Structures are given as structure tokens and as C-alpha cells.
Amino acid sequence: MWVNFDPDTQLKLKFCDPVQITSKSAGNGGLWFDFNDAKPHRNMRMGIFPAVTETRPMIKESREAWSPMVWVDSPGFRVGEWHHIVMNWHNLDTGRNDGRGALYIDGKRIGEIKDKDFPLTMDWDLEKANIYLAIAYIGLIDEFALFNRPLTEAEIAALRANPGL
């Protein structure tokens, strides 16, 4: 997807999720990217938070302890500038520790989330799963797309280089 906004001046609420995919909540089987309430500049974050079970409590959002997140300090987005954002994931819900997710900004891989302590299991009920767009978001979004497989680095670069492709 493409975004055009300034998270430091336009967002009015504590958190903003341009995209959230879940059947329960962001912290319980949720895949998302957001902007937090850091001051003076908001940070961008991508998270893949596994489903909560009796033996697996909700993970805390943390930089100090392991948390399935990619952090981007003060991304520097400004009104009038378009930025290409890709959340690319695969092998979620396999039951093995082989799930991965990566965040790309403007064609560059910023960071990756890998299974570490347990599988990235979403446990989505597909009848209840939703794609939420622009939660507390103020700005422009264009060319939101979902694919049924992970994209290659070359495909991500092509989408960035050729808007509308």
C-alpha cells in the first residue's frame, strides 16, 4: 500500500493502525503496522502477535524483551510524500517455528520477525477474520493490495518502482 501523511502532526489519537488483520484483536492473533504515541516523533511498528492460549499469554509490546515486532524510529513521513509499505509474511499457523514476517518501506527491507520462542500461530477463524484499514488514521492511502503468497524482493521492488502495477 501507499501512504501519504505526517504521523507527527496529523494523528490525533494515541495509536494509529493503517492496517490490522485479525479475527480477535491486535495482541491476540494480530498482524498489523501502527504508529505509537512517542514524542516528539511517533515510531512506526509492525507486529505479528500470536493467538493467546491457556499456556501462551498475550505478549507485551517491548523493545527490551523479545517481542514479535519491527520498530522504525521516527520514519520522517511528511504530507505530500508518498511512501510504499509492504508487510510480507509466510508460514504462519504451520505449527512449526518457521513463520516469518518482514516490513518494507519504499522497497527496502527494514526488519524481520521470526519465530523465536514459539510458533507465530494466528488461530484465525476465517469467518470472523477482518482486515481493518485506517484505524485512527488521517491521511491518504492508495493501492492497498493483498496477495495469496509472499512476494519476492524483486516483486516488491517492481511494485515500488511502478505505482499502479
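**Figure 1. The largest nonpolar core of this predicted model holds 25 residues.** Start with Phe33, Met44 and Ile85, the residues with the most contacts inside this core. Strands β2 (16-22), β3 (30-35), β4 (44-49), β5 (69-72), β6 (83-90) and β7 (100-105) each give two or more residues to the core. As background, nonpolar side chains in soluble globular proteins tend to be buried together.

**Figure 2. A closer look at Met44 and the residues around it.** Leaving aside neighbours within four places in sequence, Met44 is in contact with Phe33, Asp34 and Phe35. Its other partners on that count are Val70, Trp71, Val72, Pro75, Phe77, Ile85, Leu103 and Ile105. Two of these names, Phe33 and Ile85, may be familiar from the core view, where they are listed with Met44 as having the most contacts inside the core.

**Figure 3. Asp8 and Arg78 form a salt bridge between two loops.** The closest N and O atoms of this pair are 3.9 Å apart. Asp8 lies in the loop between β1 (2-4) and β2, and Arg78 lies in the loop between β5 and β6, so the pair ties together parts that are 70 residues apart in sequence. Both partners are partly exposed: Asp8 has a relative accessibility of 24%, and Arg78 has one of 33%. If you would like to look for others, the structure holds eleven salt bridges.

**Figure 4. Arg96 pairs with Asp98, and Lys114 pairs with Glu112.** In the salt bridge between Arg96 and Asp98, the closest N and O atoms are 2.8 Å apart. Asp98 counts as partly exposed, at 22% relative accessibility. For Lys114 and Glu112, the N to O distance is 3.7 Å. Lys114 is partly exposed at 42% relative accessibility, and Glu112 is partly exposed at 30%. Follow the shared partners and you will find Arg100, Arg109, Glu112 and Lys114 joined by salt bridges into one network.

**Figure 5. The largest pocket encloses about 430 Å³ of space.** Its lining is made up of 25 residues, and Met1, Val86, Ala145, Leu146 and Phe147 are the ones that lie nearest the centre. Sorted by class, the lining has 18 nonpolar, five polar and two charged residues. Strands β2 and β6 each supply at least two of the lining residues. The largest share comes from β6, which gives six residues.

**Figure 6. Ile21 is a buried residue of strand β2.** The relative accessible area of Ile21 is 7%, which is under the 20% cut-off, so Ile21 counts as buried. Apart from neighbours within four places in sequence, Ile21 is in contact with Gly29, Gly30, Leu31, Trp89, Trp124, Asn130, Ile131 and Leu146. Leu146 also appears among the residues nearest the centre of the largest pocket. For a sense of scale, Ile21 and Arg56 are 35 residues apart in sequence, with their C-alpha atoms 20 Å apart in space.

**Figure 7. Val52 is a partly exposed residue in the loop between β4 and β5.** Its relative accessibility is 33%. Not counting residues up to four places away in sequence, Val52 touches Gly27, Asn28, Pro57 and Met58. A second residue to locate is His90, which is 38 residues from Val52 in sequence and 20 Å from Val52 in space, C-alpha to C-alpha.

**Figure 8. Backbone details at Pro40, Ser74 and Asp123.** Most residues other than glycine have a negative phi, and most peptide bonds are trans. Lys39 and Pro40 are joined by a cis peptide bond, with omega at about 5 degrees. Pro40 has its place in the loop between β3 and β4. Ser74 has a positive phi, near 40 degrees, and lies in the loop between β5 and β6. At 31% relative accessibility, Ser74 counts as partly exposed. Asp123 also has a positive phi, near 50 degrees, and is found in the loop between β8 (108-114) and β9 (130-135). Asp123 is partly exposed too, with a relative accessibility of 38%.

Technical notes:
Residues numbered from 1 in each chain as written. Predicted model: local features only at pLDDT ≥ 70, side-chain atom pairs only at ≥ 80, totals over all residues. Heavy atoms only, no water. Core = buried A, V, L, I, M, F, W, Y, C linked by side-chain atoms within 4.5 Å. Buried < 20%, exposed > 50% of the residue type's maximum accessible area, 1.4 Å probe, protein only. Helix = DSSP H or I, 4+ residues; strand = E, 2+ residues; numbered from the N terminus. Contact = heavy atoms within 4.5 Å. Salt bridge = Lys/Arg side-chain N within 4 Å of Asp/Glu carboxyl O. 1 Å grid on protein atoms, 1.4 Å probe; cavity = no way out; pocket = protein on both sides within 12 Å on 5 of 7 lines; lining within 4 Å. Points joined across faces, edges and corners; volume = space filled by probe spheres on them. Nonpolar A, V, L, I, M, F, W, Y, C, P; charged D, E, K, R; others polar.
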